[in-house]
Amino acid sequence: MELRRAVSRALALSDDTEWSAMPLGKTNQVWRVDHPAGSLVVKWFTGEATPLFDNDPFAEFACLTRLGGDLAPRPVLFLSGLYGRAIVYRFLTGSSWGADASAVAALLRKVHALDPFRGLRQRPTGSAALLASASAILSECGAVPDRMRESLLRLADAPGVAALPAHDLRPLHGDPVAANIVETPQGLCLIDWQSPGLGDPCEDLAVFLSPSMQMEYRGAILGHVECETFLNAYRDPVIPERYRQLRPYLHLRLAAYALWGQERARNQSDRGVELELDIVNSALAG
């Protein structure tokens, strides 16, 4: 494989270096590679972006370069050739996050407190943008449940929540699901920075709290107490309350994405749509 030859040349790896496939994500191919100086991860960008998550190797490498060693793995190499694009970074010893939502809140708060940096695509914010995004995702779906259509119509008639001004936009991980949060000996760290952005922190909060994402990557949803513990542990006087205002819009979009994934057999569970719509209806009921 040309990619393997390129990595081996760049890092002076021997021909018998072992490459072990890693079961990470649904989009790209990833290997763990043993190196004399420590284990590495080779991520080959073979997949496409989805309606909700980008797949940008340049953005990911920019995030690793800016945040590596603290909030992200340390970058080693960016590769581009006939095989496409790949990045190499230091392997993180640890396991995927499984409990203590308050620790994740503190982690995301650190990300959102960073000054904006180059390599982040600006995202539209506010309820109108979220509804437009949900509608765009649903336009790629076949049979849309009546319950979802009704929620979309109700939210379209609701007062709405304003977009954030440019100076309030913050760095986002973009995909902080359980599988992308690693519990290392030094604390929590985020991997898979292929969908970052400059936007509303509520997006990251919604993806983490999302029952469809929790079910998909952890096998269980967060209970009401865990969700409230997470929001309180975020320790910000504005963002958690904004999330509560945007909750029906954020989770309607996540319901649309769950439907999109379900129709393409990407989801392990078929409960995602209903779980997200339960949150939407609860929020609409007040």
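In what follows, Ala, Val, Leu, Ile, Met, Phe, Trp, Tyr, Cys and Pro count as nonpolar, Asp, Glu, Lys and Arg as charged, and the others, Gly among them, as polar. With that in hand, let's walk through this predicted model, starting with its largest pocket.

By those classes, twelve nonpolar, eleven polar and nine charged residues make up the lining of the largest pocket. The lining has 32 residues, and K26, D175, Y217, Y257 and R266 are the ones nearest the pocket's centre. The space inside is about 460 Å³. Two helices to look for here are α7 (211–218) and α9 (239–263), each of which supplies at least two lining residues. The largest share, five residues, belongs to α7.

Now turn to the interior. In soluble globular proteins, nonpolar side chains tend to be buried together. Here the largest nonpolar core holds 73 residues, and W97, M148, F208, F230 and L252 have the most contacts inside it. Helix α9 gives this core its largest share, 13 residues. If you click on L252 and set aside its neighbours within four places in sequence, you will find it in contact with L131, A134, M148, S151, L152, L155, L277 and V280. There is also a second, separate core of 16 residues, with V7, L11, L40 and V88 among them.

One last stop is the enclosed space. The count of cavities of 30 Å³ or more comes to one, and the largest cavity has a volume of about 40 Å³. Its lining consists of P124, T125, G126, L130, D200, E203, L246 and L250, which divide into four nonpolar, two polar and two charged residues.

Technical notes
Residues are numbered from 1 along each chain as its sequence is written. This is a predicted model: local features need pLDDT of at least 70, side-chain atom pairs count only at pLDDT 80 or more; totals for chains, interfaces and linings use all residues. Side-chain values use heavy atoms; hydrogens and water are left out. On a 1 Å grid over the protein atoms alone, a cavity is a set of points where a 1.4 Å probe fits but cannot get out, and a pocket is an open set with protein on both sides within 12 Å along at least five of seven lines; lining residues have an atom within 4 Å of a point. Grid points are joined across faces, edges and corners, and a volume is the space filled by probe spheres set on the points. Helices (H or I, at least four residues) and strands (E, at least two) are DSSP runs, numbered from the N terminus. A nonpolar core is a set of buried Ala, Val, Leu, Ile, Met, Phe, Trp, Tyr and Cys residues joined through side-chain atoms within 4.5 Å. Buried means under 20% relative accessible area, exposed over 50%, partly exposed in between (1.4 Å probe, protein chains only). Contact means heavy atoms within 4.5 Å.
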